Structures are given as C-alpha cells and as structure tokens.
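Student: I have a new model to look at, and I would like to know what stands behind each word we use for it. Could you take me through the terms one by one?

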Amino acid sequence: MSQASFEARVSAPAIRLINATKRFAGLGKREVFTALDGLNINVQRGCCVALIGSNGAGKSTLLSILMGTLLLDEGSLQIDGADVSDQPSWQRAARVALVRQNPEHNVLSSLSIEENFALALMGREGVFRLRRYDRTAVRDAAREALRKFGMGLEDRLSESTGTLSGGQRQAVAMAMAAVRNPRVLLLDEHVSALDPKRAKVVAEVTEQIIRAQSMTTIMVTHDLGHALAHSDRVLMMHRGRVVMDLSGKQKSELDLAGLAASFEELVGEALPDRTILAAAS
Amino acid sequence: MVTDVLLIGTQIGLLYGPLALGIYLAINVLSLPDLTLEGSFGLGGAAAASSLLMGFDPVSSLLIGMCAGALAGLITALLHVVLQMNVLLAGILMTTAAWSVSIAVMGTGNVSLVRFETLFTWLQALGLGNQQATILMAGGVTLVLALLLVWLLHTGYGLATRATGLNIQTARGMGIRTEKHQIFGLMMANALAAASGALVAQSQGFMDVSIQGGVIVVGLAALTIGTSVIRSDKVAVGIGAVILGVIVYRCIVALSLRLGIPPNSVRLITALLVFAFIAARIHGKGTFALSGFESWRSRRRKHLQFLENDRVSSLL
C-alpha cells in the first residue's frame with residue numbers, strides 16, 4: 001500500500017454509505033418496498049450514533065447491510081476506507097460485530113459460555129485451527145469481560161448458555177463483542193428484551209466498553225431518552241431516508257421534549273405514551 | 001441365550017458403528033438430515049470390494065471406500081450449497097444415483113471376496129474365531145474413528161462446525177464461513193458411513209449392492225435409541241451414546257430373530273422400535289397414561305405446546 005492511500009484510509013470515516021439502496025419484493029409482483037432509499041451517511045471513528053425512527057423506517061435493514069447479512073441493491077459501503085459492499089458477513093466479522101435484539105440469536109445455546117468466547121476470539125483472528133483453543137487465555141478474557149456486568153457470570157464459564165436468562169445472554173453477548181474489539185459495533189435494541197433493572201446495567205456497561213475501546217457504534221433504540229443521553233449523534237430515519245441528523249451543539253441544545261416533538265412532526269406518527277411521559281417529567 | 005444375543009448384537013452393531021458416527025455428525029452436529037449416508041454406505045462397500053479385487057490390502061481398500069463416500073458427500077454438499085437444494089432432496093437423489101454408481105464400480109451387482117484377505121481374516125489367522133475377530137476389528141475401527149471425531153469436534157475448527165449446525169446467522173456473524181463447514185462436515189459424515197459399508201463387505205466376504213438398502217434407518221435407530229437413553233450436550237457423551245444405540249438396536253434385532261420372528265419382519269421391527277423409543281423420549285411415562293390422570297394431563301399440555309410451536313418448512 002502506498003503512503004498516500006494509507007493516509008487516505010486512516011483519515012477515512014469509519015463507515016461511509018454512498019447512495020445505499022435496498023428494496024424488498026412485496027406481496028404483489030410489481031409491489032416493491034424500499035427499505036433504504038439512496039442513503040448517504042458518514043460516521044467518524046469512535047463516534048456513537050443513536051438511530052431512531054418508527055417501525056419500518058429501515059433501521060434494522062441498515063444494520064443488516066452494515067453487518068453483511070443483507071447486501072445492497074445499489075450504492076456502496078466502505079468501512080475504514082475499504083469497500084466491503086460485496087463482502088459476506090463472515091469476512092466482515094473481524095471488523096464488525098452485531099448484537100441483536102433477541103438474546104437467542106447472539107449466543108450459541110448448547111455450547112458453554114467458554115466455548116462461545118473461544119469462537120468469538122477465534123473469529124477475531126478469522127482462523128479456526130485444527131487444534132484445541134488456548135483454554136487459559138479464553139477463560140481469562142471471558143472472566144475479565146464478564147466481571148464488568150456484576151452478574152456472577154464469570155464463575156459459570158463451563159455452563160451451557162442455554163441455561164441463562166435473556167438478560168444474562170445479552171450480557172454474555174456484549175462481553176463477547178468486547179473481547180472481539182471490533183472497529184464497528186452494531187446494537188439492535190440490545191436491551192429492549194430485558195427488564196428495566198437489567199437493561200440499565202447492560203446499557204451502562206455497554207457504554208463503558210464502547211468508550212474505553214473507542215468503538216464506532218451504531219445503536220438502534222426506541223428509547224429517545226437513552227438515544228439523547230448516551231450518544232454523540234442522533235440520526236432519525238423515516239421511510240428509508242435520514243430525516244434528522246443532530247450532533248455537537250445542536251444535539252446538546254435539544255431536550256427530550258424537543259426531540260419527541262420533532263419526531264412526531266417529521267415522522268407524522270404519535271410516540272408511545274411511555275416516551276411522552278418520560279419527556280414530560 | 002442372553003450372552004449369545006448380546007454377542008451377536010455387539011458383533012453386527014460395531015460393524016455399523018462408523019455409520020452411527022456419520023449420522024451423529026450430519027444430524028446432531030450439522031443439523032443436516034443427509035440421506036446420502038445410505039448411498040455412501042453402498043458406495044464405500046463397492047469401492048472397498050473393487051480395490052480388494054484389484055489387489056489392494058484391506059486397510060487401503062477401507063480408506064479407498066471412505067474416499068468414495070467423501071466424494072458422494074462432497075457432491076451432496078455442493079448440491080446444497082451451490083444449487084441451494086434442500087439437503088433431504090439432494091440426499092435422496094444422490095442415494096438413487098449411488099446405487100448405479102456402486103454397480104458400475106464393481107462392474108456387476110455382487111462380487112465374492114471369499115478368497116481375499118480382509119481385516120477380519122487377519123485376526124482369524126491369529127487364531128481368533130469369526131465372532132471374536134469381528135468384534136475386535138470392528139470395535140477397533142469404530143473406536144479409532146470415534147476418538148478422531150471427538151478430537152476434531154473439540155478443535156477450533158470443529159467448534160466452528162458445531163456452531164454452524166446450531167445457528168448459521170450467528171456463526172457467520174462470528175466470522176465462520178458456514179458453507180465450508182457444511183461441505184467438510186458432510187464429506188466426513190459420508191466417509192464414516194462408507195467405512196461401515198467397507199467393513200460390512202469385508203466381514204461378510206462378499207459385496208452386494210443391496211446392502212445399502214435401509215441402512216439409514218439403522219443409523220436413525222441408533223441415534224434415537226442412543227439419545228433417548230443418554231441425553232447430553234457433551235460431544236464425547238453423545239458419540240458414546242450413538243455407538244451404544246447401534247449395539248442396543250442390533251441386540252434387539254438379534255433377540256427378535258432368536259424368538260422366531262421371520263427375518264422379513266426385521267424392517268417392521270426396526271420401525272416399531274424407533275417409534276417406541278421416540279414415544280418414550282417425547283412423552284416419558286405419560287405414553288401409557290390413562291385419561292383423567294395427572295400424567296395424562298401433563299402429556300396433553302406438552303403435546304399442545306408442540307402444536308403451538310410447529311412450523312412449516314418447504315422441501316423445494
């Protein structure tokens with residue numbers, strides 16, 4: 001690689017979407033649903049972006065596109081300056097990690113916690129060798145990552161993840177993402193299936209991790225208060241487009257009531273009562 | 001009579017040991033219901049018999065048989081991965097084709113190996129009886145292959161293969177190239193089934209293309225019996241369970257033959273046996289519960305739960 005192109009890569013944004021378009025075939029033959037409509041987004045390195053919007057706005061599609069489980073119809077995607085538009089998800093796994101909403105999809109139940117971590121660590125290097133993994137290294141890394149959640153999981157490494165509750169599985173999933181240390185972390189409502197207490201713990205530790213390891217993060221959330229409090233930048237999507245993009249001073253001037261008002265105005269849908277109550281209080 | 005039945009069951013069961021390992025790998029580990037195993041069993045026998053006729057030694061002919069099976073597994077896997085065909089369908093097609101290929105490999109429907117050295121005549125030359133030689137040799141081969149499989153599934157590579165069989169999306173998200181593991185896994189599973197075919201051909205002293213008929217059911221019986229008796233997430237325990245399962249299955253068959261049930265009914269017995277073990281596993285003691293009792297009610301609830309969770313899946 002020449003010096004110039006190396007510098008171009010270093011200064012490139014962590015995520016760059018150019019004219020990203022994704023359509024799904026509808027029920028009728030000619031009916032087409034446009035999930036992403038010519039999106040152009042740049043995300044700077046280490047930035048934590050909250051992605052909000054109503055159902056069907058294209059948030060989850062965008063995360064799938066970034067992870068590689070869905071491929072773009074048109075446009076391109078660059079991660080750290082490298083074009084990954086045609087890369088399958090397993091090739092992106094060294095750079096991108098996704099924590100899904102459903103705890104069952106984040107860990108492999110019937111494998112033990114230790115084995116899940118072993119896979120996460122091997123996946124970071126992208127090699128699965130024909131020999132036993134280094135148990136001590138895996139257990140040490142797992143223990144250190146799990147201790148932060150304070151759920152006592154660090155002492156249960158040999159247990160099958162199938163015996164864990166949803167909140168514990170999400171904690172394991174986040175800890176696995178932490179040891180993988182990806183450049184880009186994608187969070188798809190990763191605390192929405194948890195009870196408020198557990199959700200708070202997992203969300204707080206998540207933020208510690210992404211700040212400490214300066215991961216570029218995109219988190220989808222329906223919780224506007226959380227979006228406002230825990231991010232550097234708020235993107236609002238509606239019908240496959242970005243309708244609001246706030247960062248820096250603009251974002252810090254906005255309070256929850258203001259955000260809720262502009263959400264209703266831009267999206268044209270009422271917010272759930274929960275959010276309105278939170279905004280009022 | 002009991003010792004007799006147990007010895008015959010163990011003798012024949014161990015010949016089918018590698019097949020049980022193949023079934024375990026394909027169905028339990030990879031979650032791919034690969035019926036090609038039946039074709040690979042015949043193909044392995046045919047390739048091993050032909051190589052014995054061509055002058056190869058018994059060990060090499062066993063390995064050649066396994067390679068033939070791996071090839072069949074490779075084609076099934078490619079049909080699945082490249083042509084996006086359902087594994088069940090690809091397996092049925094491959095098994096149908098394997099019948100003709102087996103005949104083509106041997107040049108005829110059956111060949112006699114009576115005058116050739118086999119793995120088993122080696123041991124018989126040391127003064128062992130036919131039954132002892134079979135138990136020792138088939139047990140040895142099964143043990144070696146089982147240990148190899150346990151080792152493989154505990155390596156980093158094997159762990160990725162297990163992840164592939166559990167959840168493809170999650171596995172890919174962890175950086176695992178799942179299609180590669182499906183291809184390699186199916187090749188291994190079919191090589192194991194072929195090893196069984198080669199053992200059976202060498203043990204009975206002739207190879208007939210019809211030996212493949214219905215062997216998938218033997219493997220399924222081994223799997224249901226084994227996993228009903230011993231339930232565990234641990235690979236080594238699961239592998240031990242299917243080998244035990246195939247021995248138990250052959251013991252039951254030997255017993256029913258000894259009790260005077262006509263040999264033509266063996267397949268019916270097999271099917272009933274599988275039903276019985278599945279019923280016992282799913283409903284436990286509730287299988288025989290009478291209406292109105294507590295166990296009947298809990299069985300009914302479990303059954304309703306199954307119906308609630310049932311999902312459709314298309315074959316084509």
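Tutor: Gladly, and let us begin with burial: a residue is buried if 20 or more other C-beta atoms lie within 10 Å of its own, exposed if 12 or fewer, and partly exposed in between, with C-beta atoms placed from the backbone. By that count, 40% of the 281 residues of chain A are buried. In chain B, buried residues make up 49% of the 316 residues. Please keep in mind that this is a predicted model, where local features need pLDDT of at least 70 and side-chain atom pairs count only at pLDDT 80 or more, while totals for chains, interfaces and linings use all residues. Residues are numbered from 1 along each chain as its sequence is written, and chains are lettered from A in the order in which they are written.

Student: Why is A:Gly126 called partly exposed?

Tutor: A:Gly126 has 13 other C-beta atoms within 10 Å, so it is partly exposed. This glycine is found in the loop between helix H4 (113–125) and helix H5 (135–147) of chain A. Helices here are DSSP runs of H or I with at least four residues, strands are runs of E with at least two, and both are numbered from the N terminus.

Student: Which residues is A:Gly126 in contact with, leaving aside its neighbours within four places in sequence?

Tutor: They are A:Ala94 and B:Gly175, where contact means that the C-beta atoms, placed from the backbone, lie within 7 Å. A:Gly126 and A:Ala93 are 33 residues apart in sequence, with 7.8 Å from C-alpha to C-alpha.

Student: What makes B:Leu78 count as buried, exposed or partly exposed?

Tutor: B:Leu78 has 15 C-beta neighbours inside 10 Å and therefore counts as partly exposed. Its place is in helix H4 (residues 58–81) of chain B. The C-alpha atoms of B:Leu78 and B:Gln182 are separated by 9.4 Å, with their positions 104 residues apart along the chain.

Student: How do you know that helix H2 (residues 59–67) of chain A is largely enclosed by the rest of the structure?

Tutor: Eight of its nine residues are buried, so H2(A) earns that description. Among the buried ones are A:Lys59, A:Thr61, A:Leu62 and A:Met67. Just after H2(A), A:Gly68 takes a positive phi of about 105°.

Student: What makes chain A as compact as a globular protein of its length?

Tutor: Chain A has 11 helices and 10 strands. Its radius of gyration is 19 Å, close to the 19 Å that the globule rule gives for 281 residues, so the description fits. The radius is taken over C-alpha atoms, and the rule is 2.2 Å times the number of residues to the power 0.38. Along its principal axes the C-alpha trace of chain A spans about 55 × 55 × 45 Å.

Student: And how does chain B stand against the globule rule?

Tutor: Chain B has 14 helices and two strands. Its radius of gyration of 20 Å is close to the 20 Å given by the rule for 316 residues, so chain B is as compact as a globular protein of that length. Its C-alpha trace spans about 65 × 50 × 35 Å along the principal axes.

Student: Why are H2(B) and H10(B) called roughly antiparallel?

Tutor: The axes of helix H2 (residues 17–29) and helix H10 (residues 178–204) of chain B come within 7 Å and cross at roughly 160°. That makes H2(B) roughly antiparallel to H10(B), because angles over 145 degrees count as roughly antiparallel, under 35 as roughly parallel, 65 to 115 as roughly perpendicular and the rest as oblique. Axes are lines fitted to C-alpha atoms, for helices over the stretch in contact, and angles run from 0 to 180 degrees between N-to-C directions.

Student: Why, then, are H3(B) and H11(B) oblique to each other?

Tutor: Helix H3 (residues 36–53) and helix H11 (residues 215–229) of chain B pack at an angle of about 120°, with their axes 8 Å apart. H3(B) and H11(B) are therefore oblique to each other. The contact is made by B:Leu37, B:Glu38 and B:Phe41 of H3(B) with B:Val215, B:Ile216 and B:Gly219 of H11(B).

Student: How many residues does the contact between the chains take from each?

Tutor: It takes 19 residues from chain B and 26 residues from chain A. H8(B) gives the most to the side of chain B that touches chain A, with seven residues.

Methods:
Contact = placed C-beta atoms within 7 Å.
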